[in-house]
Amino acid sequence: MGNKYSGLQIGIHWLVFLLVIGAYCAMELRGFAPRSYRPWFNMVHVSCGISILVLMVTRLLVRLKYPAPPIVPKPKPMMTGFAHLGHLVIYLLFIVLPVIGLLMIYNRGNPWMAFGIVMPHAAEANFDLADALKSWHVTLANLGYFVIALHAAAALMHHYFWKDNTLLRMMPRKRS
Ligand code: HEM
Ligand code: HEM
């Protein structure tokens, strides 16, 4: 094992980072555009969301097979414990959140599109369930902002304050 995450893990990490920006921006900015653009914003949102789901499950499976490369200098065991807990929360959150999104949109019983393709929906709408799922989706999405902000702040603290190789392990390799 090298001193960095594998190219696949680094690639997925930063691709998910971009898709998370896409999913949040599509929802936060849709109100500024004319109403006729709403389906486009919704499609961008759900397409980014579904891609995040697939990539998070993939990277979790990859991570279970390949351990994280060591941090140098080695942090205190308590810090490592917090980091593992934090990563577990990120994995769970960004898997559960899109699954809830899918269940919500399915149970609305209306046609919807992802990646330019018409997706399946329930034959009969269940608005009570869809509304309950929506409130979970919104709450978890808001929690996501804090979790990611904390995660990015921790990565920067490692780099600039504790001066270890945590962040460099997740950076793309330089061409030699
Ligand atoms: C990690 C991925 C995702 C994130 C971060 C995310 C985040 C968000 C956010 C911030 C909102 C706006 C909430 C508000 O109104 O304040 C939202 C709404 C919504 N999301 Fe997601 N979402 C994700 C995945 C998905 C997926 C996979 C679907 C469905 C396939 C989906 C369907 C929706 C729908 C339909 C709404 C609009 C609800 C409404 O206004 O009626 N989301 N999402
Ligand atoms: C500015 C934004 C970000 C920065 C600077 C950053 C940086 C890092 C760094 C340095 C690591 C390695 C930490 C370690 O091994 O202890 C890491 C791991 C991780 N990041 Fe990020 N990240 C960012 C955004 C995100 C986003 C948006 C997600 C997903 C929604 C994410 C999910 C993860 C996960 C799940 C791990 C754990 C990897 C493992 O299984 O070992 N990160 N990140």
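## Exercises on two iron sites

In this predicted model, the six donor atoms around the iron atom of ligand 1 subtend angles of 89 to 179°, which makes the arrangement octahedral. Let's work outward from there.

**Exercise 1. Find which residues coordinate the iron atom of ligand 1, and where they sit in the chain.**

*Step 1.* Look for the protein donors: H45 and H137 each coordinate this iron through NE2, at 2.0 Å.

*Step 2.* Place them on the helices. H45 belongs to helix α2 (residues 38-65) and H137 to helix α4 (residues 127-160). The two are 92 residues apart, and the pair links distant parts of the chain.

*Step 3.* Check the angles against the ideal. For six octahedral donors, the ideal angles are 90 or 180 degrees. Around the iron of ligand 1 the range is 89 to 179°.

*Step 4.* Finish with accessibility: both H45 and H137 are buried.

**Exercise 2. Work out the coordination of the iron atom of ligand 2, and decide whether H13 and H151 are buried or partly exposed.**

*Step 1.* The protein donors here are H13 and H151, again through NE2, and they lie 2.0 Å from the iron.

*Step 2.* This pair also links distant parts of the chain: H13 is in helix α1, H151 is in helix α4, and 138 residues separate them.

*Step 3.* The arrangement is octahedral, because the six donor atoms subtend angles of 88 to 179°.

*Step 4.* Apply the cut-off of under 20% relative accessible area for buried. H13, at 14%, therefore counts as buried. H151 has a relative accessible area of 29%, so H151 is partly exposed.

**Exercise 3. Describe the shell around ligand 2: which elements supply it, and which polar contacts reach the ligand?**

*Step 1.* Start with the count. The shell holds 20 residues, and the closest are Y5, H13, R63, Y91 and H151.

*Step 2.* Sort them by class: 13 are nonpolar, four polar and three charged.

*Step 3.* Assign them to helices. At least two residues come from each of α1 (7-29), α2, α3 (77-107) and α4. The largest share, five residues, is from α1.

*Step 4.* List the polar contacts. An oxygen atom of ligand 2 lies 2.5 Å from a polar side-chain atom of Y5. For R169, a polar side-chain atom is 2.9 Å from an oxygen atom of the ligand. The side chain of H151 has an N or O atom 2.8 Å from a nitrogen atom of ligand 2.

**Exercise 4. State what the UniProt record annotates over residues 5-172, and how much of that stretch is helix.**

*Step 1.* The unreviewed UniProt entry annotates this range as "domain: Cytochrome b561 bacterial/Ni-hydrogenase".

*Step 2.* Over these residues the chain is 69% helix and 4% strand, with the end C-alpha atoms 9 Å apart.

Terms used
Residues are numbered from 1 along each chain as its sequence is written. Chains are lettered from A and ligands numbered from 1 in the order in which they are written. This is a predicted model: local features need pLDDT of at least 70, side-chain atom pairs count only at pLDDT 80 or more; totals for chains, interfaces and linings use all residues. Side-chain values use heavy atoms; hydrogens and water are left out. UniProt positions are given in the numbering used here, feature names are shortened, and annotations may be inferred rather than shown by experiment. Donors are N, O and S atoms within 2.8 Å of the metal (3.2 Å for Na, K and Ca); water is not among the atoms, so sites may look incomplete. Four donors count as tetrahedral if all angles lie between 85 and 135 degrees; four count as square planar and six as octahedral if opposite donors are over 155 degrees apart and all others between 65 and 115; anything else is irregular. Buried means under 20% relative accessible area, exposed over 50%, partly exposed in between (1.4 Å probe, protein chains only). A residue is near a molecule or strand if one of its heavy atoms lies within 4 Å of it. A polar contact is a pair of N or O atoms within 3.5 Å; within protein, one must be able to donate a hydrogen and the other to accept it, and residues adjacent in sequence count only if both atoms are side-chain atoms. Ala, Val, Leu, Ile, Met, Phe, Trp, Tyr, Cys and Pro count as nonpolar, Asp, Glu, Lys and Arg as charged, and the others, Gly among them, as polar.
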